[in-house]
Amino acid sequence: MNARMEEIMNAIEHNKLTADDPFRFHCTQCGKCCINREDILLTPLDLFRIANELKLSLKEFIDQYCELYIGPDSHFPIIRLKPRGSIKRCPLLKNRRCSVHKAKPAMCAMFPIGRVIAFPEDGTSSNAPVIEYFYPKLPINYTHNLV
Ligand code: SF4
């Protein structure tokens with residue numbers, strides 16, 4: 001496991017949330033969570049909803065706003081929003097506001113809560129994957145690919 005993956009795994013492990021855990025978050029609409037981002041990964045539903053919101057075809061939306069690659073660790077095909085400029089601004093951030101607010105990607109709608117699929121290795125279960133949530137108390141450096 002490389003250093004970046006270790007940082008991510010530690011952040012997840014030490015900041016897990018269960019359904020009963022309280023947390024505090026207040027959005028000030030500063031737009032800072034939309035810069036220095038290279039990790040806005042899109043699901044097929046995100047693609048469809050955002051393309052529809054922008055009145056573009058899927059191909060037009062992907063050509064104009066996205067980047068496709070194979071995840072170096074996961075080896076999954078990935079589509080992400082392609083950041084712009086030296087501050088790595090999300091291409092959908094306009095005038096410090098999300099231009100697709102009603103259709104924003106699931107990971108943006110959940111921010112700052114993170115979600116992962118975990119594969120328990122405790123020997124007591126069937127090792128079936130489970131969905132876990134976490135709330136990083138310390139800011140994670142969002143300038144790297146997460147998958
Ligand atoms: S899609 Fe919207 S909320 Fe998500 S990073 Fe881009 S501008 Fe911000």
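Helices (H or I, at least four residues) and strands (E, at least two) are DSSP runs, numbered from the N terminus. Residues are numbered from 1 along each chain as its sequence is written. The model is predicted, so local features need pLDDT of at least 70 and side-chain atom pairs count only at pLDDT 80 or more, while totals for chains, interfaces and linings use all residues.

**Exercise 1.** Write down the order of helices and strands in the protein chain.

*Solution.* Start by counting: the protein chain has four helices and seven strands. Then read from the N terminus, which gives α-β-α-α-β-β-β-β-α-β-β.

**Exercise 2.** Find where pLDDT stays under 50.

*Solution.* Begin with the overall picture: pLDDT, the predictor's confidence in each residue from 0 to 100, averages 85 over the protein chain, and 88% of the residues score at least 70. Next, look at residues 138–147, where pLDDT stays under 50. The model has 19 contacts beyond four places in sequence for this stretch; two residues are in contact if their C-beta atoms, placed from the backbone, lie within 7 Å. A word of care: where pLDDT is low, the predicted coordinates should not be read in detail.

**Exercise 3.** Decide which residues of α2 are buried, and what they pack against.

*Solution.* Take the cut-offs to begin with: a residue is buried if 20 or more other C-beta atoms lie within 10 Å of its own, exposed if 12 or fewer, and partly exposed in between, with C-beta atoms placed from the backbone. In α2, Asp 46, Ile 50 and Ala 51 are buried. They lie on the same side of α2 because they cover an arc of only 120° around the axis, taken from the directions from the helix axis to the C-beta atoms. Pro 44 and Leu 45, on the other side of α2, are exposed. Finally, the buried residues of α2 pack against α3 and α4 (106–110).

**Exercise 4.** List the residues around the ligand and sort them by character.

*Solution.* Use the criterion of a C-beta atom, placed from the backbone, within 6 Å of the molecule. This gives Cys 34, Arg 37, Ile 40, Cys 90, Leu 92, Leu 93, Cys 98, Val 100, Lys 104, Pro 105 and Cys 108. Now sort them: Ala, Val, Leu, Ile, Met, Phe, Trp, Tyr, Cys and Pro count as nonpolar, Asp, Glu, Lys and Arg as charged, and the others, Gly among them, as polar. The shell divides into nine nonpolar, no polar and two charged residues. To finish, follow Ile 40: beyond its neighbours within four places in sequence, its contacts are Arg 80, Leu 81, Cys 90, Pro 105, Met 107 and Cys 108.
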